[in-house]
Amino acid sequence: MNNQAKENEQIQYDNYWTLLKKFYFTYLVPKKGVFFLVQFGHILGAAFTLIPPLIIREIIDEAIPSGVMERIIILVLFALGVYLLESVTRGFKQYYGHVVAQEITRDMRNDLYSHYQKLTLGFHDNKKTGELMSRVVDDLNRMQEFVHHGPEALVGSLALLLGTVGVMFYLSPRLTLVALIFVPILLIFSRFMLKNMHMAFRETRERKAIMHDRLEDNLAGIQIIKAFANEEFEFNRFSFTNEKHKEARFKAIKYMSILFPGSRLMNAFGILTVLSYGGYMVVIGEITVGTIVAFYGFLMQFRVPLLQLVHMTEGLSRFFASTERFFNHLELEPDFQEKPDGFRKTVKGEVEFKGVHFSYQQGEQVLKGINFRVGKQESVALVGPSGAGKTSIIRLIPRLYEADRGQILVDGVDVREWNLKDLRASMAMVMQDDYLFSDSVAENIAYGRPDATRDEIVEAAKAANAHQFIKELPDGYETAVGQRGLKLSGGQRQRVSLARAFLKDPSILILDEATSAVDIQTEKLIQEAIARITANRTTFIIAHRLSTIRNADEILFIEDGQVKERGTHQELMAREGEYARYYRMQFAKEQSAS
């Protein structure tokens with residue numbers, strides 16, 4: 001079963017408790033000491049919060065009527081000490097709570113990124129970059145917030161609420177029941193508004209993702225937009241997605257604007273009811289003025305932890321959703337496994353395909369029994385119509401994909417038996433639209449050998465006929481090439497890619513359309529570079545232009561996933577078969593031009 005099918009099944013956990021335990025034992029246990037100390041801080045902070053209203057009650061009912069100033073000062077200093085301890089506790093739990101959350105998120109992000117690197121191209125072919133970035137960044141950011149604020153809401157708010165209700169019952173059971181009349185209404189109202197608010201925020205995130213995709217697409221394709229004079233058309237499309245994002249955001253803001261003032265209003269009704277009924281109880285002598293003031297203090301702080309608990313239920317659902325998505329991806333297995341004790345040896349460069357069958361998706365065979373052998377330091381060209389399977393063949397050599405059947409041998413050893421890092425380290429690929437990172441020219445050339453000296457980088461650039469144009473760039477070798485190398489022309493990007501391959505000094509070199517889409521003069525420079533780089537290396541060449549394949553030791557004509565013909569250019573032309581017919585159709589203009 002491929003990764004896509006596995007993910008579509010979505011790993012089903014027995015319940016949220018199982019998922020929570022998995023998260024706890026995997027990521028929280030190493031931080032459990034500080035984590036539980038922070039939770040104790042939440043309880044301690046709640047206890048400190050309960051003390052000041054009781055001190056105020058004591059001052060009003062006992063200290064002031066006694067007329068003893070010393071007693072008033074002692075109580076005030078005691079209250080000040082409590083506030084100071086509460087502030088220290090709050091600072092401690094805020095700092096270390098966020099530290100634990102940040103460290104857990106860092107570990108999870110590293111694990112997920114590392115796992116994405118281990119998954120094969122079969123997984124990445126079926127995933128958008130934006131979706132994977134959302135898992136690494138957005139999902140884990142939401143989890144990070146909940147790792148700190150979730151326990152804070154559950155432990156701290158619950159401790160504060162229970163403590164508040166307990167103290168209030170101690171002071172006056174009857175007044176406490178009156179004070180709690182509005183709590184169910186506040187809970188129902190808050191639950192309803194928070195549910196709608198979070199739905200609105202979910203829509204906002206979805207609209208934001210659409211807007212992000214549109215913006216990324218437009219900025220990446222700015223050359224095409226300008227070339228087709230479609231600026232206004234694209235602006236209208238972006239403006240539409242931007243407007244939809246604004247509408248969703250306004251909806252969320254509307255619910256926020258109702259929730260917080262509404263909850264304050266209901267809390268105010270509770271406070272006014274307590275003051276009214278409490279005043280009556282003072283008149284008849286059942287409670288003291290200090291008790292009413294204490295009740296007022298407790299009710300003023302009652303609303304916040306209540307809202308936090310309601311809010312936490314929504315945060316908990318998002319946390320579980322993000323955690324499940326995280327573990328779903330983390331538990332995906334690569335399409336094939338690397339042998340930890342794989343064969344390790346310096347690669348000489350002999351490559352052989354024996355009855356190789358391959359398909360990207362089940363039931364759609366791309367290669368059908370490929371057989372050929374390339375000797376050390378020989379060159380072979382793969383030609384044929386688009387979609388024939390040429391690129392698939394070269395992707396199997398460094399084991400970017402796994403063959404369904406048959407064997408690919410490097411130096412007589414099946415690629416499945418090789419140490420994967422050693423195998424790939426012996427190869428270099430130059431593709432039609434090779435990827436350059438948004439770093440400097442020097443860093444891109446040295447990508448295969450980060451420890452290379454500047455002299456070695458320059459020599460590689462000279463070998464690739466790139467040194468001259470690099471010198472003319474604004475900052476020379478330190479010039480940033482932009483995303484995907486967009487600051488360079490197509491021919492310049494190709495020569496930087498060739499320099500990168502040359503500096504790596506591979507035993508096996510793979511060139512996939514390395515001279516396509518460039519002018520004749522640039523192609524000549526690239527061909528000169530290729531002639532230097534391919535010397536004394538086993539080379540695979542995919543090309544449509546005759547100039548790059550004419551001198552190959554052997555040409556394989558690939559069609560419908562099979563090797564239909566093989567031989568030198570002269571031999572295949574003399575045979576008057578599929579290759580000759582294809583050559584005359586594809587290369588007639590080039591032949592007449594030469």
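Before anything else, a definition: when I say helix, I mean a run of at least four residues that DSSP assigns as H or I, with the helices numbered from the N terminus. With that in hand, and remembering throughout that what we are looking at is a predicted model, we can turn to helix H17, which is followed by aspartate 505, a residue whose phi is positive, near 55°.

Let me stay with H17 for a moment. The helix covers residues 490-504, and it lies across strands S6 and S7, running at about 175° to S6. How far apart are the end C-alpha atoms of H17? They are 21 Å apart, and this agrees with the span that its 15 residues should have at 1.5 Å a residue, which is also 21 Å. Is H17 mostly covered or mostly uncovered? It is mostly covered, since 12 of its 15 residues are buried, and the buried residues include Val496, Leu498, Ala499 and Leu503, together with charged names such as Arg493, Arg495 and Arg500.

That leads us to the nonpolar cores. The largest of them has 45 residues, and the ones with the most contacts inside it are Ile445, Ile470, Leu498 and Tyr579. H17 supplies the largest share of this core, namely 5 residues. If we take isoleucine 445 and leave aside its neighbours within four places in sequence, we find it in contact with Val496, Ala499, Arg500 and Leu503, among others, and also with Ile457, Ala460, Ala461, Ile470 and Tyr477. Apart from this core lies another, of 34 residues, and among its members are Leu367, Val374, Ile397 and Ile408.

Now to the sheet that H17 lies across. In what order do its strands come? The order is S6-S7-S8-S3-S9-S10, in an open sheet of 6 strands with mixed pairing. Strand S6, residues 427-430, and strand S10, residues 562-567, stand at the edges with a single partner strand each, so one side of each is left without a neighbour in the sheet. From one strand to the next, the twist averages 20°. Within this sheet, strand S3, residues 379-383, pairs with strand S9, residues 554-559, in the parallel sense over 4 bridges, and valine 380 stands opposite glutamate 554 in S9.

There is antiparallel pairing to look at as well. Strand S1, residues 351-361, runs antiparallel to strand S2, residues 364-374, and 8 bridges join the two; here valine 351 stands opposite valine 374. S1 also runs antiparallel to strand S4, residues 405-410, to which 5 bridges join it, and phenylalanine 353 has isoleucine 408 in S4 as its bridge partner. You may recall two of these partners, because Val374 and Ile408 were both among the residues named for the core of 34 residues.

Let us move to the helices earlier in the chain. Helix H10, residues 231-283, has 53 residues and reaches 76 Å from its first C-alpha to its last, close to the 78 Å expected at 1.5 Å a residue. Just after H10, glycine 285 takes a positive phi of about 85°.

Helix H6, residues 129-171, contains proline 151. Is that proline buried or exposed? Its relative accessible area is 14%, and because buried means under 20%, proline 151 counts as buried. Leaving aside neighbours within four places in sequence, proline 151 is in contact with Phe35, Gln39, His42, Phe146 and Gly156. Its C-alpha atom is separated by 9.4 Å from that of glycine 97, although the two residues are 54 residues apart along the chain.

Finally, the aromatic rings, of which the structure holds 21 pairs. Tyrosine 24 and phenylalanine 25 form an edge-to-face pair, 5.1 Å centre to centre with 80° between the planes; tyrosine 24 counts as partly exposed at 24% relative accessibility, whereas phenylalanine 25, at 58%, counts as exposed. Tyrosine 27 and phenylalanine 327 form a tilted pair, 6.4 Å centre to centre with 40° between the planes. Tyrosine 27 lies in helix H2 and phenylalanine 327 in helix H11, so this pair ties together parts that are 300 residues apart in sequence. Both of these residues, tyrosine 27 and phenylalanine 327, are buried, and ring pairs link them with Phe23, Phe146, Phe319 and Phe326 into a cluster.

Definitions and conventions. Residues numbered from 1 in each chain as written. Predicted model: local features only at pLDDT ≥ 70, side-chain atom pairs only at ≥ 80, totals over all residues. Heavy atoms only, no water. Pairing = 2+ DSSP bridges. Axes fitted to C-alpha atoms, helices over the stretch in contact; angles between N-to-C directions. Contact = heavy atoms within 4.5 Å. Expected span 1.5 Å × (residues − 1). Core = buried A, V, L, I, M, F, W, Y, C linked by side-chain atoms within 4.5 Å. Buried < 20%, exposed > 50% of the residue type's maximum accessible area, 1.4 Å probe, protein only. Phe/Tyr/Trp six-rings, centres within 6.5 Å; stacked < 30°, edge-to-face > 60°.
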